[in-house]
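Let's take a walk through this model together, starting from the inside and ending with its charged side chains. Keep the viewer open as you read.

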Amino acid sequence: MREAVKTQSLCEELSYSSLVLLGLCQLLIMTAFLALALVAVASPLLAFDMGQSTRCVTIPNQMKVCKDVGYSEMRLPNFLGHSNLEGEVVPRSEDWRPLLQTGCHPQAQAFLCSIIAPVCLDTFIQPCRSLCVAVRDSCAPVLACQGHPWPEALDCDRFPAEEDMCLTPLAKFSHFIKDLPKPACQNCPSVEVAPPMKTVLNAFCHHDFAITAKLHRLRHATGEPEFQVEGRVEFIRQGPLLPYDTRHLLQEWLLINRGCASSLVRPGRLQLYVLTGSVQPDGNIALINLFPWHKKDASIALATRKWKHHRC
């Protein structure tokens with residue numbers, strides 16, 4: 001009982017910013033009070049045998065997807081059966097980087113790293129089935145948008161259903177996150193070069209928001225295009241968007257809709273755009289119009305000035 005109290009006291013001192021450590025602490029408290037050894041039963045479908053010998057290693061700096069996950073040591077082999085750190089685990093972890101960058105779920109990193117870089121404790125801790133379902137339901141549509149199915153190795157039925165024996169979803173901030181506008185996979189917005197002033201004003205009137213942003217298309221070392229939102233995002237019509245979140249929101253939209261972004265944003269120097277769109281009933285944003293704003297486009301400049309006094 002004394003050990004349980006010590007464990008609980010230690011957990012209360014941890015920063016709530018580390019969701020993974022918080023979840024692990026909850027597991028340790030329960031273990032100490034019950035005085036039971038936490039034993040997770042491996043599914044036969046997973047490429048991992050709980051009975052085999054394992055070792056603990058430091059998560060290497062080059063394994064960037066899990067470097068700030070909340071713990072520093074991982075167990076090998078991992079739950080995918082990968083045992084070669086440099087030749088297998090680290091290279092394959094990079095396959096998940098584009099998905100995690102989209103921010104498809106707040107616990108996507110915790111879920112994936114609990115599988116590819118499981119925390120090194122005295123017991124094996126897998127993600128719960130409920131955590132897998134939550135991440136899958138949010139992130140599978142993003143993978144589908146990029147032409148990839150949800151991996152068979154992450155079939156949620158393969159993970160334990162008993163939530164006292166695994167890493168559970170955390171409800172902290174979940175209500176707040178659901179209320180925020182969020183990007184989603186969509187059809188490509190229309191692009192109109194040198195539009196008439198009336199067209200621009202109509203777009204401002206008919207849609208929930210209108211913003212200006214500088215977009216940049218770079219070439220990643222892997223050959224994949226990389227998109228960046230440079231500088232501040234300026235509001236013409238703010239609508240339901242939040243000032244502190246809109247730049248990040250647009251960045252995530254570019255990552256989710258990578259195919260669209262490749263056709264909309266030309267490689268080379270920075271380009272200023274006017275973007276209009278609406279927020280759907282489910283909270284997803286949909287970009288509808290994109291106007292490249294060149295210095296010679298006097299009609300766009302005039303429309304933005306007239307908008308302050310324009311009646312739709």
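Two residues are in contact when heavy atoms lie within 4.5 Å of each other. With that in hand, and remembering that this is a predicted model, start at Met74. Leaving aside residues up to four places away in sequence, Met74 touches Arg55, Cys56, Val57, Ile59, Met63, Leu85, Val89, Ile116, Ala117, Pro118 and Cys120.

Met74 also belongs to the largest nonpolar core, which has 40 residues; together with Met63, Phe111 and Ile116, Met74 touches the most other members. Strand β2 (73–76) gives two or more residues to this core, and so do the helices α3 (85–93), α4 (97–101), α5 (108–116) and α6 (129–145). A second core, separate from this one, has 21 residues, including Leu250, Val265, Tyr273 and Ile285.

Now stay in strand β2 and look at Arg75. Does a buried arginine here have a charged partner, or none? What is the nearest side chain of opposite charge to Arg75? That is Asp122, 5.8 Å away; because a salt bridge needs the two atoms within 4 Å, the buried Arg75 has none. The Arg75 side chain does make a polar contact of 2.6 Å with the side chain of Thr54.

Elsewhere, the model has 4 salt bridges. In one of them, Arg97 pairs with Glu94 at 3.0 Å, and Glu94 is partly exposed at 29% relative accessibility. Arg158 and Glu152 meet at 3.5 Å; Arg158 is buried at 11%, whereas Glu152 is exposed at 62%. Arg232 and Glu234 are 3.9 Å apart at their closest N and O atoms, with Arg232 exposed at 67% and Glu234 partly exposed at 37%.

Technical notes
Residues are numbered from 1 along each chain as its sequence is written. This is a predicted model: local features need pLDDT of at least 70, side-chain atom pairs count only at pLDDT 80 or more; totals for chains, interfaces and linings use all residues. Side-chain values use heavy atoms; hydrogens and water are left out. A nonpolar core is a set of buried Ala, Val, Leu, Ile, Met, Phe, Trp, Tyr and Cys residues joined through side-chain atoms within 4.5 Å. Buried means under 20% relative accessible area, exposed over 50%, partly exposed in between (1.4 Å probe, protein chains only). Helices (H or I, at least four residues) and strands (E, at least two) are DSSP runs, numbered from the N terminus. Lys and Arg count as positive and Asp and Glu as negative; His and the chain ends are not counted. A polar contact is a pair of N or O atoms within 3.5 Å; within protein, one must be able to donate a hydrogen and the other to accept it, and residues adjacent in sequence count only if both atoms are side-chain atoms.
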